[in-house]
Amino acid sequence: MTKISVVVKNASSSPASSLIESTSYQLGYIEMDKSHDEFVELVNKLVIADNTEFVNLFQDLQHHTEMHFCEEYLLMKKSNFPALAEHHSEHQRVLGQLAYFRARAGLGHIKLARAFIREQLPFWFRTHILTMDSALAAHLTR
Ligand SMILES: [Fe+2]
Ligand SMILES: [Fe+2]
């Protein structure tokens, strides 16, 4: 059974704290687990970044997520994953959010982008791992 433990802290906790704390949400498919570890690391760096670092790191997160989703798309395509369209559509939705908040951050609306990173993204990540990515990993390792 897949064990997943992504801890999302209260948004009012110390800004120096990590939003996602986990080494145990592994899905058992090494390429996916590696991407997810890197994603968590980037989000946690964003939480403690100053405003200049934040904009650069947000761009890194956007690029990393594009790669992450592209890798999953290829895995879905190669393995004839039945929920490819639904999973891909969800990825596209999140890429749209990342593009929007990155653009806002670039225009100086850092607070708005920080709120997205702290209050929305960790919850999305946890849900996505537990549902769509978990289903994909199970399909790939069946
Ligand atoms: Fe993923
Ligand atoms: Fe995914």
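In this predicted model, helices H1 and H2 run roughly antiparallel to each other, because the angle between them is about 165° and an angle over 145 degrees counts as roughly antiparallel. The axes of H1 and H2 lie 10 Å apart, and H1 passes H2 in a left-handed crossing.

The residues that make this contact are set out by helix below.

| Helix | Residue range | Residues in the contact |
|---|---|---|
| H1 | residues 30-48 | Glu31, Met32, Ser35, Glu38, Phe39, Leu42, Val43, Lys45 and Leu46 |
| H2 | residues 51-78 | Phe54, Leu57, Phe58, Asp60, Leu61, His64, Thr65, His68, Glu71 and Glu72 |

Sorted by class, the residues through which H1 meets H2 comprise nine that are nonpolar, four that are polar and six that are charged.

This helix pair belongs to a protein chain that has four helices and two strands, and the order of these elements, read from the N terminus on, is β-β-α-α-α-α. Of the 142 residues in the protein chain, 24% are buried. When contacts between residues at least 6 apart in sequence are considered, 66% of them join residues at least 24 apart.

Beyond H2, the loop that leads to helix H3 (84-106) contains Asn80, a residue that has a positive phi of about 55° although it is not a glycine. Is Asn80 buried or exposed? Asn80 has 8 other C-beta atoms within 10 Å, and a residue with 12 or fewer counts as exposed, so Asn80 is exposed.

Definitions and conventions. Residues numbered from 1 in each chain as written. Chains lettered and ligands numbered in written order. Predicted model: local features only at pLDDT ≥ 70, side-chain atom pairs only at ≥ 80, totals over all residues. Axes fitted to C-alpha atoms, helices over the stretch in contact; angles between N-to-C directions. Parallel < 35°, antiparallel > 145°, perpendicular 65-115°, else oblique. Left-handed = near helix turned anticlockwise from the far one by under 90°. Contact = placed C-beta atoms within 7 Å. Nonpolar A, V, L, I, M, F, W, Y, C, P; charged D, E, K, R; others polar. Buried ≥ 20, exposed ≤ 12 C-beta atoms within 10 Å, placed from the backbone.
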